[in-house]
Amino acid sequence: MVSNLAGGRPPRHGVEPGTQLGALEAYAAQAHGYLSAGGEQLSQLAGLLRPVVLESWLRSVRGGVDPMDPLDGRGLRGADLQRYRDAHPIAALMPLIDKLLVQDTARTGLIVAVADQFGRVLWVHGNPDQVDAAAEIGLRAGDDLSERRIGTNAVGLVVRTGRAAWIHGPEHFLHRMHQITGAAAPVHDPDGRLVGVLMIAGGVRVAKPEILALVKATSTAAEMDLLLTAMRAGQHGAVSSTGEISAARLGLDVLGLGQPLLTVAGDRVPLSQRHAEILLLLAEHPEGLGADHLALLLDDTDLDNGTIRAAMSRLRAVVGPNVFGSRPYRLRVHIATDIEALRAALDSGAVDTALRLYAGPVLPRSTAPGIIDIRDELRVRLRAAVLGSGDAAVLRRWTACAEGRDDAAAWVAYRATVDRDSPLYAQIEAKIRVLDRRLGADATRMQRSRS
């Protein structure tokens, strides 16, 4: 519903979702009045709409979109829709999207829509009642949400710009979509081409920064999946005869006990511990690292510059001569790390997703000071998010993994989510007592060692 808020100044440019919603609604509603008047009144829109929305509205006007456009039956339906989406590249990503986005979001009463690169909706997931309600305003599988077809909306804006976007209430060009808010993000293939759009839609709850961050985190994970799939198939990142990597992006896996891996030129290349440390440190410091600084991050004893130069020379032989520059050492191409996807999930508040992405500590065998700092920072962030979630499923998963198996605080938090009459409560209580005894014994040994 459009707010009754009036007066004051229009919303600031670059406003984040969740801020000044009343002002956005009021000014967008006023803009619709000028839109219906047409002619010279359109010049008044500039002071009422966010710049990205204004540009989209003007394109919609020039394209002849009618803001009062009624819902019609046009769109792909039935077997035609089924064949189209089964053959679409984003179909292979649906298990990942379901795990990271659909399962949790649908339980909250929100809608998850997946569209193709043209804005055609392929899937709509959510509570059946909410899916039916969305269909009544034109958000249904098979419908065209491109800006060209229905004017300003989150999916259409992503298709047009290639960037994540959110559209709230009357910022939508069509009146029939004024009751929803959409937050959408693009999914690109390894060559940078748009292959699809992910959107969460619903009421005012969608107009929160964490919702847009969640969609962006899922799209990042989807892009990484596409990249790794293409590289394993040898379809991306060819290496020239001079050893130059033509791929714009590389992949680096450093979480867990397995061998560090660099994905490049269609292969997953095992990395030495030192090479993985260097690449991760460069990925974490896009501004670049001087030889002295890199030496300190790799070893708190005295690594000389000659040793660093030799290590960098050997690394160039693995990744190619143009992946990073020197003076300072700096990456020239983006390396998509598994840490990046994990942090994106934590930033969005998607703790369950973060836990699924967490294969274990960062380079657990590394003793490099810079790596230890990254490892500790990530573990502390993840543990704090788990303990703060109050979610039984999240706490169960954490206490079942190696990192949280002996985490007494996590077991206590887990116990608080379980019914006291449940057999599970007794099991958790027994585990807490074992940990208490162990901690007591450890404390006693420490006291004896000091005496």
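Helices (H or I, at least four residues) and strands (E, at least two) are DSSP runs, numbered from the N terminus. The model toured here is predicted, so local features need pLDDT of at least 70 and side-chain atom pairs count only at pLDDT 80 or more, while totals for chains, interfaces and linings use all residues. Residues are numbered from 1 along each chain as its sequence is written, and side-chain values use heavy atoms, with hydrogens and water left out.

**The whole chain**

Begin with the complete protein, in which there are 17 helices and 11 strands. Of its 451 residues, 48% count as buried, where buried means under 20% relative accessible area, exposed over 50% and partly exposed in between (1.4 Å probe, protein chains only). Contact here means heavy atoms within 4.5 Å; among contacts between residues at least 6 apart in sequence, 58% join residues at least 24 apart.

**Val61 and Thr152**

Select Val61, which is found in helix H2 (residues 51-62). With a relative accessibility of 30%, Val61 counts as partly exposed. If residues up to four places away in sequence are not counted, Val61 touches Leu35, Leu42 and Phe173. A C-alpha distance from Val61 to Gly38 gives 9.5 Å, for two residues that are 23 residues apart along the chain.

Move next to Thr152, in the loop between helix H6 (147-150) and helix H7 (154-161). Thr152 counts as buried, at 1% relative accessibility. Leaving aside residues up to four places away in sequence, its contacts include Val53, Ser56, Trp57 and Ser60, and Phe173 is also among the residues that Thr152 touches. The C-alpha atoms of Thr152 and Met177 lie 9.9 Å apart in space, with these positions 25 residues apart in sequence.

**Helix H9 and its two partners**

Now select helix H9 (residues 273-284), whose 12 residues should span 16 Å at 1.5 Å a residue; the end C-alpha atoms are 16 Å apart, which agrees. The expected span is 1.5 Å times one less than the number of residues in the helix. The buried residues of H9 are His275, Ala276, Glu277, Ile278, Leu279, Leu280, Leu281 and Leu282.

Add helix H10 (residues 291-298), which packs with H9 at an angle of about 125 degrees, the axes being 11 Å apart. Such axes are lines fitted to C-alpha atoms, for helices over the stretch in contact, and angles run from 0 to 180 degrees between N-to-C directions. H9 and H10 are therefore oblique to each other, since angles under 35 degrees count as roughly parallel, over 145 as roughly antiparallel, 65 to 115 as roughly perpendicular and the rest as oblique. To display this contact, show Arg274, Glu277, Ile278 and Leu281 of H9 together with Leu294, Leu297 and Leu298 of H10.

Keep H9 on screen and bring in helix H11 (residues 305-319), where the packing angle is about 90 degrees and the axes are 10 Å apart. H9 and H11 are therefore roughly perpendicular to each other. From H9, the contact is made by His275, Ile278, Leu279 and Leu282, and from H11 by Ala311, Met312, Arg314, Leu315, Val318 and Val319. Ile278 thus deserves a label, as a residue of H9 that takes part in the contact with H10 and in the contact with H11.

**Two positive phi values**

Select Arg327, in the loop between strand S9 (324-325) and strand S10 (330-331). Phi of Arg327 is near 55 degrees, a positive value in a residue other than glycine, and Arg327 is exposed, with a relative accessible area of 83%. The peptide bond from Arg327 to Pro328 is cis, with omega near -5 degrees, and Pro328 lies in the loop between S9 and S10.

Leu363, found in the loop between helix H13 (351-357) and helix H14 (369-389), has phi near 35 degrees, a positive value in a residue other than glycine. Leu363 is buried, with a relative accessible area of 3%.

**Helices H15 and H16**

Finish with helix H15 (residues 392-400) and helix H16 (residues 408-415). Their axes come within 9 Å and cross at roughly 150 degrees. Ala392, Leu395, Arg396, Trp398 and Thr399 in H15 meet Ala410, Trp411, Ala413 and Tyr414 in H16.

Which residues of H16 are buried? They are Ala410, Trp411 and Tyr414. These residues cover an arc of only 100 degrees around the axis, which puts them on the same side of H16; the arc is that of the directions from the helix axis to the C-beta atoms. An α-helix has 3.6 residues a turn, so residues three or four places apart point the same way.
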